[in-house]
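Notebook open, coffee poured. I'm going through the ligand site first, then a few backbone oddities.

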Amino acid sequence: MVVSRSDKLHVFPAFHKVTGRRVLIVGGGDEAAAKVRLLGESVAEISVVAAELSPALREAIVSTGACHLPRDFEASDVEGAVLVFAASGEEVEDRRVVAAARARGIPANAVDRPDICDFYTPALVNRAPLAVAITTTGAAPVAARRLRARLETMLPRDYGRFIAFADSLRGWVFSRLRDGAARRRFWAGFFDSAALSLFSADDRDGAVREAERLIDHAAMPARGFVSLVGAGPGAEDLLTLRAQRVLQEADIIFHDALVPEAVIAQGRRDAERVNVGKRKGCHAKSQEEINRLLIAAAREGCRVVRLKAGDPMVFGRAGEELAALRAAGIAHDVVPGVTAGLAAAADLELPLTLRGTASSLVFTTGHDMHGEALPDWARLAAGGVTLAIYMGRSVAADIAAQLADAGLSADTPVAVVENASRADKRMLVGTLNDLPALAGRDDLSGPTLVVVGEAVAAARLERAEPLHISERLAA
Ligand code: SAH
């Protein structure tokens, strides 16, 4: 049993206003100097209380214009400060500073003493007015600093000035584009447009012309568009970059029940989300109903994402939806995803094709459209074919019988992955003989993918459990 760790933060990031406000730093050494420099990234009025100054601190005070009180700390020093930093290097003194701040309801930070801090200081990327603050909640400050270094190289130096420039255009854009959706289209395009390069090259007029062009573009009546998007097998980092981009542009997302929240959450926060799949107690919408919803949303001018588990073109009813979109004359495209069969093979380290053993791969299903097992693929399984079987769990016994009828030996290896690619995945292994037991495994509640064929023997199976329950008990 994997103990699940909470993914909730023990801190909440917020940005403190410091215009015209005083921040107090107590201490005379290099730690205090580091805090003075950090605070110096803001317009806060910095006060330093220290009887003596290290050379680095003296320099930091001069370069930031901080005010220095050359004496020992007194509790009343915290008065009027909005934040207090204890950086004396002495535990007793730091505790005294923190206590004085807390007694007056002022949040305090003590350098290298996380247990008495009210807040942590972040690694900071300053592109004023843009600020990126990073914390690992004290777990790995080095990791935070490395990430900051990467962000520093990613964000152009004058990105902050560009953002301020964008802000100065806001009123003008509002007057030109009265429609909220059009404005959103404009801004989404603006920050990725040539305007940034033009602005960086000091061509402000060019940047404004680029904005004009984007406004004209955004003002054109929106044409609805439907993307059939593969969400992958469940792990959110198996989404393609294109799928992620399309999700962020979507006004409305129609998703299957199998698609996990973490994937859907990559869409815009204010995008509408509609679950069109089966949920406990609720019926799935019919295919006709889904087709109608997609077409209606596109006709309203929406960017529509139809988000499907795995790849949309593999057992995903893409055929019906594409036919309906074509018939309705709706512009559309398809964004592929990692299908469950491939994710299961990766989890098992199972080469689906293997020189000398398996030269073909069949994606098949235990169900046809009417819920009955299809008989005709079974004969393929004999001789050098790996079968990836979708929706095979409830009809596992039928599949096993048909494969045996088709001449497959009872000891042909079989592997099963539940929740492929996800943290809670389970892998099972056995033979064709054991496959009927799959239907009775009530301990499996997630989607399962069955792989049959000699190539299974080449997988890494030591982490897999026995497929047949009695073997499991015997083990
Ligand atoms: N379009 C999807 C398949 C949809 S059919 C794809 O390309 O993966 C639904 C079936 O897919 C499930 O019954 C199961 O057999 C399989 N499946 C989907 N996600 C899975 C996962 N994470 N692990 C194992 N099987 C999965």
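Cut-offs before anything else: I call a residue buried under 20% relative accessible area, exposed over 50%, and partly exposed in between. I also jot down that this is a predicted model.

**Entry 1: the ligand**

Which residues come nearest to the ligand? I looked that up first. The shell has 18 residues, and Asp311, Val314, Thr339, Ala420 and Thr448 come nearest. Sorting the shell by type, I get 12 nonpolar, 4 polar and 2 charged residues.

Next, the polar contacts. A backbone N or O atom of valine 314 sits 2.6 Å from a ligand nitrogen. On threonine 339, a polar side-chain atom lies 2.6 Å from a ligand oxygen. Alanine 340 uses a backbone N or O atom, 2.9 Å from an oxygen atom of the ligand. As for cover, the ligand on its own has 540 Å² of accessible area, and the protein covers 91% of that.

Where does the ligand lie with respect to domain 3 and domain 4? I checked who supplies the shell: domain 3 (225-331) and domain 4 (341-474) both give residues, so the ligand lies between them.

**Entry 2: odd backbone spots**

A reminder to myself: most residues other than glycine have a negative phi, and most peptide bonds are trans. I went hunting for exceptions.

Arginine 317 is one: its phi is positive, about 60°, and it is not a glycine. I find arginine 317 in the loop between β11 (303-308) and α12 (318-328). Its relative accessible area is 42%, so by my cut-offs it is partly exposed.

Aspartate 112 also has a positive phi, near 65°. Aspartate 112 belongs to the loop between β5 (108-110) and β6. Buried or exposed, I asked of aspartate 112? Exposed, because its relative accessible area is 65% and the cut-off is over 50%.

Then a cis peptide bond: it joins alanine 128 and proline 129, with omega about 5°. Proline 129 is in the loop between β6 (123-127) and β7 (130-134).

**Entry 3: glycine 383**

I placed glycine 383 in the loop between β13 (360-365) and β14 (385-390). It counts as exposed, because its relative accessibility is 67%. I also paired it with glycine 453: they are 70 residues apart in sequence, and 8.7 Å apart C-alpha to C-alpha.

**Entry 4: a record check**

UniProt, in an unreviewed entry, puts "domain: Sirohaem synthase dimerisation" at residues 159-215. I ran the secondary structure over residues 159-215 and got 82% helix and 0% strand. The end C-alpha atoms of that stretch are 21 Å apart.

How values were computed
Residues are numbered from 1 along each chain as its sequence is written. This is a predicted model: local features need pLDDT of at least 70, side-chain atom pairs count only at pLDDT 80 or more; totals for chains, interfaces and linings use all residues. Side-chain values use heavy atoms; hydrogens and water are left out. UniProt positions are given in the numbering used here, feature names are shortened, and annotations may be inferred rather than shown by experiment. Helices (H or I, at least four residues) and strands (E, at least two) are DSSP runs, numbered from the N terminus. A residue is near a molecule or strand if one of its heavy atoms lies within 4 Å of it. A polar contact is a pair of N or O atoms within 3.5 Å; within protein, one must be able to donate a hydrogen and the other to accept it, and residues adjacent in sequence count only if both atoms are side-chain atoms. Accessible areas come from the Shrake-Rupley method with a 1.4 Å probe; for residues, only the protein chains shown count as cover. Ala, Val, Leu, Ile, Met, Phe, Trp, Tyr, Cys and Pro count as nonpolar, Asp, Glu, Lys and Arg as charged, and the others, Gly among them, as polar. Domain bounds come from an automatic or database domain assignment. Buried means under 20% relative accessible area, exposed over 50%, partly exposed in between (1.4 Å probe, protein chains only).
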